[in-house]
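I opened the model today to look up its sheet, its helix packing and its odd backbone spots. My notes follow the order in which I looked.

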Amino acid sequence: MTASHAFATRYGAWAIVAGASEGVGRELARRVASNGVGCILLARRKGPLEELEGLIREESGVQCVSAAVDLAGPDALDRILAVVGDKEVGLYVSNAGADPFASAFLDREVGDWLGLVQRNVLTTVRCCHHFGRLMRQRRRGGLLLVGSGAAIGGAERMATYAGTKAFELRFAESLWAELRHFEVDVLCLGLATTDTPELRRLLAQTGQPVPRRMASPARIADIALARLPRGPVYGWGPLAGMRAAWVRERVKLFTSLSSNVLGRGTHVLGR
Ligand SMILES: NC(=O)c1ccc[n+]([C@@H]2O[C@H](COP(=O)([O-])OP(=O)(O)OC[C@H]3O[C@@H](n4cnc5c(N)ncnc54)[C@H](OP(=O)(O)O)[C@@H]3O)[C@@H](O)[C@H]2O)c1
């Protein structure tokens, strides 16, 4: 079995990449497609999505569809489901997640922060719940959450962003603990400074120079797909110190300690 055949067998026919129009999401979609998995590309801007759709068909020959969906909208999952139809989604990638504001919490209207929470937390939870359930039933699939070193600690001008990224990390660790018994992979990929158009827009907005050393989205995408079966975490910068093997042991220990109160979990059914 070739590596790409093994990938397609492990994850199934279709992947959703939420936040695919540029940067890491765009590269992840190209890598997923090159492994023979069809792509459903989501972002707000239709133009770049259609350009990527064409590129993917040309490069990989797989089926590809795209749709303009605002992941910060309360109806995001309904809109995604309308695009998905009866396609079997075996991989859900949550990439859109940056904070475009770089502002102190009280210096912006609360609606801006609620939009960030809606996109990074509520839409992610809804999508992982919907697609994760189907994956668990089929006993195959993957959830890939693109996270950040901001998950590790708070800082000025990061209140809501760091909060959502911390949520994402612990959410992924816990989902990994539950879904590993059902052959569903879960990985939180914690990025540090990465050369994306969004980061460059932010640097221009804040008047900061472009850093000399930044990770490349293409390299990140390669590593993400290689690490996906070995969750729950892989990262750069502040998350580089979190060895996946150590995190796995911690998650298992917490599961065991909390069973005194929570009882034995659904994993028993997975055996
Ligand atoms: N770049 C870094 O240095 C860095 C560092 C740490 C962590 N990260 C993490 O890496 C991920 C990607 O970051 P990024 O720098 O590429 O910026 P990003 O804005 O999170 O991601 C860009 C992609 O998300 C889409 N997007 C953004 N908001 C959306 C919305 N409301 N609805 C639908 N699509 C949306 C964008 O397309 P449209 O504009 O067309 O919607 C684009 O395709 C994020 O989760 C971020 O937290 C990045």
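These entries cover a predicted model, starting with the sheet.

**Entry 1: the sheet**

I traced the strand order first. The sheet is open and has seven strands, in the order β3-β2-β1-β4-β5-β6-β7. The pairing is parallel. Which strands stand at the edges? I found β3 and β7 there. Each has a single partner strand, so one side of each has no neighbour in the sheet. I also looked up the twist. On average, neighbouring strands are turned by 15° against each other, with direction ignored.

**Entry 2: β2 to β3**

Next I took one strand pair in detail. β2 covers residues 38-43 and β3 covers residues 64-68. The two pair in the parallel sense over five bridges. I noted two of the bridge partners. L41 is matched with S66 in β3, and L42 with A67. Then I followed the chain from one strand to the other. The path from β2 to β3 goes through helix α3, residues 46-60. This β-α-β crossover is right-handed.

**Entry 3: α2 against α3**

I turned to the helices. Two packed helices are described by the angle between their axes and the distance between the axes. I looked up both values for α2 (residues 23-34) and α3. Their axes are 9 Å apart, and the packing angle is about 30°. How are α2 and α3 oriented to each other? Angles under 35 degrees count as roughly parallel, so α2 and α3 are roughly parallel to each other. Their crossing is right-handed. I listed the residues that meet. From α2 they are R26, A29, R30, A33 and S34. From α3 they are L52, I56, E59 and S60.

**Entry 4: α2 against α8**

α2 also packs against α8, and I checked that pair too. The axes of α2 and α8 come within 8 Å and cross at roughly 50°. That makes α2 oblique to α8. The crossing is right-handed here as well. On the α2 side, the contact is made by G23, V24, E27, L28 and R31. On the α8 side I noted P217, A218, I220, A221, D222, A224 and L225.

**Entry 5: α5 over the sheet**

What does α5 lie across? I found β1 (14-18), β4, β5 (141-148) and β6 beneath that description. α5 runs at about 155° to β4.

**Entry 6: backbone oddities**

Last, I looked for unusual backbone geometry. Most residues other than glycine have a negative phi, and most peptide bonds are trans.

A102 has a positive phi of about 45°, though it is not a glycine. I placed A102 in the loop between β4 (89-94) and α5 (110-138). Is A102 buried or exposed? A102 has 14 C-beta neighbours inside 10 Å, so it counts as partly exposed.

E183 also has a positive phi, near 60°, and is not a glycine. I found E183 in the loop between α6 (159-179) and β6 (184-191). With 16 C-beta neighbours inside 10 Å, E183 counts as partly exposed.

Which residues does the cis peptide bond join? I noted G231 and P232, with omega at about 10°. P232 sits in the loop between α8 (217-227) and β7 (233-235). β7 is one of the edge strands from my first entry.

Definitions and conventions: Residues numbered from 1 in each chain as written. Predicted model: local features only at pLDDT ≥ 70, side-chain atom pairs only at ≥ 80, totals over all residues. Helix = DSSP H or I, 4+ residues; strand = E, 2+ residues; numbered from the N terminus. Buried ≥ 20, exposed ≤ 12 C-beta atoms within 10 Å, placed from the backbone. Pairing = 2+ DSSP bridges. Right-handed = clockwise from strand over helix to strand, strands pointing away. Axes fitted to C-alpha atoms, helices over the stretch in contact; angles between N-to-C directions. Parallel < 35°, antiparallel > 145°, perpendicular 65-115°, else oblique. Left-handed = near helix turned anticlockwise from the far one by under 90°. Contact = placed C-beta atoms within 7 Å.
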